[in-house]
Amino acid sequence: MRKDIVPDPEASRTFYKFLTSVVVPRPIAWVSSTSADGVDNLAPHSFFTVASVNPPIVQFTSVGRKDSVRNIEATGEFVVNFTPEDLFEAVNATGTNFPPDVSEFDAVGLTREPSATVRPPRVLESPVALECRLHLIQDMGDCTLVFGEVLHAVVSEDVLDGALPAIDALKPLSRLGRNEWGTAGRIRTITRIPVGEWPGHYRAPGDPGAH
(Lines give C-alpha, C1' and ligand atoms only; values in the text may rest on other atoms or scores of the structure.)
Protein backbone atom coordinates (compact mmCIF):
# COMPACT_ATOMS: atom_id res chain seq x y z
CA MET A 1 0.00 0.00 0.00
CA ARG A 2 1.31 3.44 -0.94
CA LYS A 3 0.62 6.89 0.49
CA ASP A 4 0.02 9.77 -1.94
CA ILE A 5 1.85 13.04 -1.21
CA VAL A 6 0.95 16.12 -3.24
CA PRO A 7 3.15 19.24 -3.07
CA ASP A 8 1.35 22.12 -1.41
CA PRO A 9 2.68 25.63 -2.19
CA GLU A 10 1.36 26.74 1.21
CA ALA A 11 3.43 24.06 2.98
CA SER A 12 6.53 23.95 0.76
CA ARG A 13 8.86 23.31 3.71
CA THR A 14 7.03 20.06 4.48
CA PHE A 15 7.54 18.74 0.95
CA TYR A 16 11.14 19.98 1.00
CA LYS A 17 11.80 17.74 3.99
CA PHE A 18 10.22 14.83 2.12
CA LEU A 19 12.34 15.47 -0.99
CA THR A 20 15.58 15.64 0.97
CA SER A 21 14.68 12.36 2.66
CA VAL A 22 14.32 10.49 -0.65
CA VAL A 23 16.87 12.25 -2.89
CA VAL A 24 19.73 10.61 -1.01
CA PRO A 25 22.65 10.43 -0.60
CA ARG A 26 23.59 13.92 -1.75
CA PRO A 27 27.22 15.01 -2.22
CA ILE A 28 28.20 18.24 -0.53
CA ALA A 29 29.78 21.28 -2.15
CA TRP A 30 31.81 22.95 0.60
CA VAL A 31 31.96 26.34 -1.05
CA SER A 32 34.54 28.94 -0.14
CA SER A 33 34.00 32.44 -1.46
CA THR A 34 35.24 35.94 -0.68
CA SER A 35 33.05 38.99 -0.28
CA ALA A 36 33.70 42.30 -2.00
CA ASP A 37 34.93 43.51 1.40
CA GLY A 38 37.46 40.68 1.64
CA VAL A 39 35.68 38.38 4.13
CA ASP A 40 36.21 34.67 3.39
CA ASN A 41 33.01 32.64 3.60
CA LEU A 42 32.73 28.85 3.81
CA ALA A 43 29.41 27.02 3.59
CA PRO A 44 28.13 23.51 2.80
CA HIS A 45 25.57 23.10 0.01
CA SER A 46 24.08 19.63 -0.35
CA PHE A 47 22.46 20.11 -3.77
CA PHE A 48 25.62 19.60 -5.84
CA THR A 49 26.56 17.88 -9.11
CA VAL A 50 28.61 17.95 -12.32
CA ALA A 51 26.74 20.01 -14.93
CA SER A 52 29.08 19.65 -17.94
CA VAL A 53 32.09 17.57 -18.93
CA ASN A 54 33.60 19.78 -21.62
CA PRO A 55 33.99 22.47 -20.46
CA PRO A 56 34.15 21.09 -16.91
CA ILE A 57 31.32 22.81 -15.03
CA VAL A 58 30.02 22.01 -11.56
CA GLN A 59 26.75 23.27 -10.11
CA PHE A 60 25.36 23.79 -6.65
CA THR A 61 22.01 25.11 -5.49
CA SER A 62 21.59 27.61 -2.69
CA VAL A 63 18.24 27.38 -0.92
CA GLY A 64 17.67 31.09 -0.50
CA ARG A 65 20.19 33.79 -1.39
CA LYS A 66 22.97 33.06 1.08
CA ASP A 67 26.37 34.70 1.50
CA SER A 68 27.90 32.22 -0.97
CA VAL A 69 25.66 33.49 -3.77
CA ARG A 70 26.11 37.17 -2.94
CA ASN A 71 29.89 36.79 -2.82
CA ILE A 72 30.06 34.86 -6.09
CA GLU A 73 27.85 37.45 -7.77
CA ALA A 74 30.21 40.17 -6.56
CA THR A 75 33.52 38.50 -7.44
CA GLY A 76 32.76 35.80 -10.03
CA GLU A 77 34.88 33.17 -8.25
CA PHE A 78 34.57 30.33 -5.75
CA VAL A 79 36.13 27.04 -4.67
CA VAL A 80 34.39 23.71 -4.08
CA ASN A 81 36.21 21.82 -1.33
CA PHE A 82 35.68 18.09 -0.77
CA THR A 83 33.99 17.04 2.47
CA PRO A 84 35.65 13.98 4.05
CA GLU A 85 34.30 11.94 6.91
CA ASP A 86 36.91 13.13 9.40
CA LEU A 87 35.75 16.75 8.99
CA PHE A 88 32.12 15.92 9.79
CA GLU A 89 31.73 18.31 12.73
CA ALA A 90 33.63 21.14 11.01
CA VAL A 91 31.52 20.89 7.84
CA ASN A 92 28.34 21.00 9.90
CA ALA A 93 29.64 23.95 11.93
CA THR A 94 30.23 26.02 8.79
CA GLY A 95 26.48 25.79 8.15
CA THR A 96 25.88 28.08 11.14
CA ASN A 97 24.23 31.34 10.09
CA PHE A 98 27.06 33.65 11.08
CA PRO A 99 26.70 37.31 10.01
CA PRO A 100 28.41 38.27 6.72
CA ASP A 101 31.35 39.96 8.47
CA VAL A 102 32.35 36.72 10.26
CA SER A 103 34.54 34.23 8.41
CA GLU A 104 33.69 30.57 8.98
CA PHE A 105 37.38 29.76 8.52
CA ASP A 106 38.13 31.69 11.70
CA ALA A 107 35.00 30.76 13.66
CA VAL A 108 35.38 27.03 13.02
CA GLY A 109 39.19 26.92 13.10
CA LEU A 110 40.00 25.84 9.54
CA THR A 111 43.15 26.73 7.62
CA ARG A 112 43.16 28.90 4.52
CA GLU A 113 45.31 27.68 1.61
CA PRO A 114 45.94 30.12 -1.27
CA SER A 115 44.27 29.10 -4.51
CA ALA A 116 46.23 29.00 -7.76
CA THR A 117 43.73 30.76 -10.05
CA VAL A 118 41.03 32.45 -7.97
CA ARG A 119 40.92 34.77 -4.95
CA PRO A 120 38.85 32.65 -2.50
CA PRO A 121 41.09 30.34 -0.48
CA ARG A 122 40.94 26.56 -0.42
CA VAL A 123 40.46 24.58 2.79
CA LEU A 124 43.87 23.14 3.59
CA GLU A 125 42.36 20.25 5.58
CA SER A 126 40.27 19.11 2.59
CA PRO A 127 41.92 16.52 0.29
CA VAL A 128 40.45 17.90 -2.97
CA ALA A 129 39.55 21.38 -4.18
CA LEU A 130 38.04 22.68 -7.43
CA GLU A 131 38.79 26.31 -8.24
CA CYS A 132 35.91 27.78 -10.23
CA ARG A 133 35.07 30.84 -12.30
CA LEU A 134 31.39 31.79 -12.38
CA HIS A 135 29.69 30.54 -15.54
CA LEU A 136 26.03 31.25 -14.79
CA ILE A 137 23.69 32.14 -11.95
CA GLN A 138 20.07 31.12 -12.43
CA ASP A 139 17.23 31.90 -10.03
CA MET A 140 14.67 29.11 -9.83
CA GLY A 141 11.75 29.49 -7.46
CA ASP A 142 13.11 30.26 -4.00
CA CYS A 143 16.54 28.84 -4.89
CA THR A 144 19.59 30.01 -6.81
CA LEU A 145 21.57 27.68 -9.10
CA VAL A 146 25.26 28.52 -9.40
CA PHE A 147 27.33 27.07 -12.25
CA GLY A 148 31.10 27.36 -12.18
CA GLU A 149 33.75 26.36 -14.72
CA VAL A 150 36.57 24.45 -13.07
CA LEU A 151 39.82 26.26 -13.83
CA HIS A 152 42.12 24.26 -11.61
CA ALA A 153 41.98 21.25 -9.28
CA VAL A 154 44.25 20.03 -6.52
CA VAL A 155 44.27 16.65 -4.82
CA SER A 156 46.26 15.25 -1.92
CA GLU A 157 48.61 12.48 -2.98
CA ASP A 158 47.50 10.60 0.14
CA VAL A 159 44.13 9.81 -1.48
CA LEU A 160 45.42 8.87 -4.93
CA ASP A 161 45.44 5.37 -6.38
CA GLY A 162 47.36 5.92 -9.60
CA ALA A 163 45.89 8.95 -11.36
CA LEU A 164 42.53 8.88 -9.58
CA PRO A 165 41.36 9.33 -6.00
CA ALA A 166 40.41 6.12 -4.21
CA ILE A 167 37.00 6.15 -2.58
CA ASP A 168 38.22 4.33 0.54
CA ALA A 169 40.86 7.02 1.02
CA LEU A 170 38.55 9.95 0.28
CA LYS A 171 35.85 8.74 2.73
CA PRO A 172 33.21 11.16 1.42
CA LEU A 173 30.45 12.63 3.54
CA SER A 174 26.94 12.98 2.14
CA ARG A 175 23.68 14.47 3.33
CA LEU A 176 20.62 12.33 3.95
CA GLY A 177 17.23 13.33 5.36
CA ARG A 178 16.47 15.13 8.62
CA ASN A 179 19.73 15.74 10.52
CA GLU A 180 21.28 12.57 9.11
CA TRP A 181 24.60 12.35 7.30
CA GLY A 182 26.02 9.42 5.36
CA THR A 183 29.41 7.85 4.72
CA ALA A 184 30.51 5.67 1.81
CA GLY A 185 29.76 2.41 3.61
CA ARG A 186 29.88 -0.75 1.52
CA ILE A 187 31.38 -0.19 -1.93
CA ARG A 188 30.24 -2.36 -4.85
CA THR A 189 31.73 -2.46 -8.35
CA ILE A 190 30.14 -3.56 -11.62
CA THR A 191 30.90 -2.87 -15.28
CA ARG A 192 28.41 -1.45 -17.75
CA ILE A 193 27.10 -4.14 -20.14
CA PRO A 194 27.80 -3.66 -23.89
CA VAL A 195 24.72 -4.46 -25.96
CA GLY A 196 26.65 -7.19 -27.76
CA GLU A 197 27.16 -8.98 -24.44
CA TRP A 198 23.57 -8.65 -23.20
CA PRO A 199 22.48 -9.92 -20.70
CA GLY A 200 26.05 -10.60 -19.48
CA HIS A 201 26.21 -10.51 -15.72
CA TYR A 202 22.70 -9.04 -15.41
CA ARG A 203 19.84 -11.16 -14.18
CA ALA A 204 16.28 -9.86 -13.93
CA PRO A 205 14.61 -9.79 -10.51
CA GLY A 206 13.11 -13.19 -9.85
CA ASP A 207 15.59 -14.99 -12.09
CA PRO A 208 16.96 -18.00 -10.16
CA GLY A 209 20.49 -16.88 -11.08
CA ALA A 210 20.02 -13.37 -9.68
CA HIS A 211 21.93 -12.35 -6.56
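This is a short talk on the pockets, a surface patch and the salt bridges of one protein structure.

Hi everyone, thanks for coming. Before anything else, please keep in mind that this is a predicted model.

Let's start with the largest pocket, which has a volume of about 870 Å³. It is lined by 34 residues, and the closest to its centre are Tyr-16, Pro-44, Lys-66, Gly-95 and Arg-175. Which element gives the most to that lining? That would be helix 1, with five residues. Other elements that each supply at least two residues include strand 3 (40-45), strand 5 (57-63) and helix 2 (67-75). As for chemistry, the lining divides into eleven nonpolar, 15 polar and eight charged residues.

Now on to the second largest pocket, with about 520 Å³ of space. Here 23 residues form the lining, and Phe-48, Phe-82, Val-128, Leu-130 and Leu-170 lie nearest the centre. Strands 1, 4, 6, 9 and 10 are the elements that give two or more residues to this lining, and strand 10 gives the most, with three. If you sort this lining by class, you get 19 nonpolar, three polar and one charged.

Let's step outside for a moment. On the surface there is a nonpolar patch of about 400 Å², made by Ile-5, Phe-18, Leu-19, Val-22 and Val-23. Ile-5 sits in the segment before helix 1, and with a relative accessible area of 39% it is partly exposed.

Finally, the salt bridges. How many does the structure hold? There are eight, and I'd like to show you three.

One is in helix 2. Asp-67 pairs with Arg-70, with the closest N and O atoms 2.6 Å apart. The two are three residues apart in that helix, so about one helical turn separates them. Asp-67 counts as buried, at 15% relative accessibility, whereas Arg-70 is partly exposed at 41%.

Another joins Arg-122 to Glu-113, where the closest N and O atoms are 3.0 Å apart. Arg-122 is buried, with a relative accessible area of 8%, while Glu-113 counts as partly exposed at 24%.

There is also a network: salt bridges that share partners join Asp-40, Asp-106 and Arg-112. Within this network, Arg-112 and Asp-106 have their closest N and O atoms 2.8 Å apart. Arg-112 is partly exposed, at 34% relative accessibility, and Asp-106 is exposed, at 53%.

That's my tour. Thanks for listening, and do have a look at the structure yourselves!

Conventions:
Residues are numbered from 1 along each chain as its sequence is written. This is a predicted model: local features need pLDDT of at least 70, side-chain atom pairs count only at pLDDT 80 or more; totals for chains, interfaces and linings use all residues. Side-chain values use heavy atoms; hydrogens and water are left out. On a 1 Å grid over the protein atoms alone, a cavity is a set of points where a 1.4 Å probe fits but cannot get out, and a pocket is an open set with protein on both sides within 12 Å along at least five of seven lines; lining residues have an atom within 4 Å of a point. Grid points are joined across faces, edges and corners, and a volume is the space filled by probe spheres set on the points. Helices (H or I, at least four residues) and strands (E, at least two) are DSSP runs, numbered from the N terminus. Ala, Val, Leu, Ile, Met, Phe, Trp, Tyr, Cys and Pro count as nonpolar, Asp, Glu, Lys and Arg as charged, and the others, Gly among them, as polar. Patches are made of residues with over 30% relative accessible area and no salt bridge: like charges are joined within 9 Å, nonpolar side chains (Val, Leu, Ile, Met, Phe, Trp, Tyr) within 5 Å. Accessible areas come from the Shrake-Rupley method with a 1.4 Å probe; for residues, only the protein chains shown count as cover. A salt bridge is a side-chain nitrogen of Lys or Arg within 4 Å of a carboxyl oxygen of Asp or Glu. Buried means under 20% relative accessible area, exposed over 50%, partly exposed in between (1.4 Å probe, protein chains only).
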